[in-house]
Amino acid sequence: MNTPYIIGICGGSGSGKTTFLENIISHFAQNQLSTISLDHYYNPIHEIPADENGVKNFDDPTGLDIKSFESDIEALMAGQPVFKMEYNYNNPTLKVKQMHILPAPVIVVEGIFLYYFENIKNKLALKIFVDTPQPLRAQRRIMRDTTYRGNSAEEVQYSIVHHVEPAYQKYILPYIYESDIIVPNSENMHKATEVIVGHIQGML
């Protein structure tokens, strides 16, 4: 493969994208498949937009450094490694490390706003959308943000109502029908994993 095969995985916050991606990654060696996530490209906290109540909105695509994200994807496509610090989600107690992302024949790009950005979407040879019911997405978001990101339950509930769901309806869900594959997040998700793994193995 002279040109890397770029796969996008999109879906709402808490949809199970990361788990789905990890299941795929487990079938390949590091020199076969590389991943890069939009989660690590948030702007500094002072550049994150605030809502009408002055609360920082991390579910607004304008809070992302999309130019750096696009530049790093292009570097991987050109066969160059990418060095990137993990994002700490404005939690100073969270230990982060520098990621060393290596180029590979297959590159999987993951993020909730992936298809909203036209320049990113146009680089993708295969677009996958993980479709998950709202109650399950909300439950996962609450668990993740209170356990790993240091937010209170009240803060997370506010975010879900005022930021997460409005963003999902405006910036994420409209692109579900532009996806090549829609993966329902259910007990049979492993079937979708098998299909994608088989497809990638065929490309390799």
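Helix axes are lines fitted to C-alpha atoms over the stretch in contact, and the angle between two of them runs from 0 to 180 degrees between their N-to-C directions. With that in mind, please remember throughout the tour that the model on your screen is a predicted one.

**First stop: α4 and α5**

Select helix α4, residues 134-147, together with helix α5, residues 153-172, and look along their axes, which come within 10 Å and cross at roughly 135°. Because angles over 145 degrees would count as roughly antiparallel and those from 65 to 115 as roughly perpendicular, α4 and α5 are oblique to each other. The crossing of these two helices, α4 and α5, is right-handed. To see what makes the contact, show the side chains of Q134, R137, A138, R141, I142, D145 and T146 on α4, and then add A153, V156, Q157, S159, I160, V164, E165 and Y168 on α5. If you colour the residues of this contact between α4 and α5 by character, you will find seven nonpolar, four polar and four charged.

**Second stop: the buried side of α1**

Now move to helix α1, which spans residues 17-25, and select K17, F20, L21 and I24, the residues that are buried there. These residues cover an arc of only 100° around the axis, which means that they lie on the same side of α1. What lies over them? The cover of the buried residues of α1 includes the strands β1 (5-11), β2 (33-37), β5 (106-110), β6 (126-131) and β7 (181-184), and also the helix α6 (189-203).

**Third stop: α1 against α6**

Keep α1 in view and add α6, so that you can follow how the two helices pack at an angle of about 45°, with their axes 9 Å apart. The helices α1 and α6 are therefore oblique to each other, and α1 passes α6 in a right-handed crossing. On the α1 side, select F20, N23 and I24, which meet M189, A192, T193, I196, V197 and I200 of α6. Sorted by character, the residues in the contact of α1 with α6 comprise seven nonpolar, two polar and no charged.

One residue of this contact is worth a separate selection, namely T193, which is found in helix α6. Is T193 buried or exposed? With a relative accessible area of 5%, T193 is buried. Once neighbours within four places in sequence are left aside, the residues in contact with T193 are F20, N23, I24 and H27.

**Fourth stop: N43 and M99**

Next, select N43, whose place is in the loop between β2 and α2 (66-77). Although N43 sits in a loop, its relative accessibility is 12%, and N43 therefore counts as buried. Which residues should you display around N43, leaving aside its neighbours within four places in sequence? The residues in contact with N43 are I48, T62, G63, L64, D65 and Y87. Of the pair N43 and L64, you can check that the two are 21 residues apart in sequence and 5.4 Å apart in space, from C-alpha to C-alpha.

Then go to M99, which is found in strand β4, residues 98-101, and which is buried, with a relative accessible area of 17%. Not counting residues up to four places away in sequence, M99 touches H40, V82, F83, K84, M85 and E86. If you draw a distance from M99 to V82, which is 17 residues away along the chain, the separation of the C-alpha atoms is 7.9 Å.

**Last stop: two exposed residues**

Finish with K95, which lies in the loop between β3 (82-85) and β4 and is exposed, with a relative accessible area of 81%. A distance drawn from K95 to V183, C-alpha to C-alpha, comes to 32 Å, and these two are 88 residues apart in sequence.

For the second residue, select T3 in the segment before β1, where a relative accessibility of 54% makes T3 count as exposed. How far apart in space are T3 and V106, C-alpha to C-alpha? The distance between T3 and V106 is 9.0 Å, while in sequence they are 103 residues apart.

Notes: Residues are numbered from 1 along each chain as its sequence is written. This is a predicted model: local features need pLDDT of at least 70, side-chain atom pairs count only at pLDDT 80 or more; totals for chains, interfaces and linings use all residues. Side-chain values use heavy atoms; hydrogens and water are left out. Buried means under 20% relative accessible area, exposed over 50%, partly exposed in between (1.4 Å probe, protein chains only). Helices (H or I, at least four residues) and strands (E, at least two) are DSSP runs, numbered from the N terminus. The arc is that of the directions from the helix axis to the C-beta atoms. Contact means heavy atoms within 4.5 Å. Angles under 35 degrees count as roughly parallel, over 145 as roughly antiparallel, 65 to 115 as roughly perpendicular and the rest as oblique. A crossing is left-handed if the near helix is turned anticlockwise from the far one by less than a right angle, and right-handed if clockwise. Ala, Val, Leu, Ile, Met, Phe, Trp, Tyr, Cys and Pro count as nonpolar, Asp, Glu, Lys and Arg as charged, and the others, Gly among them, as polar.
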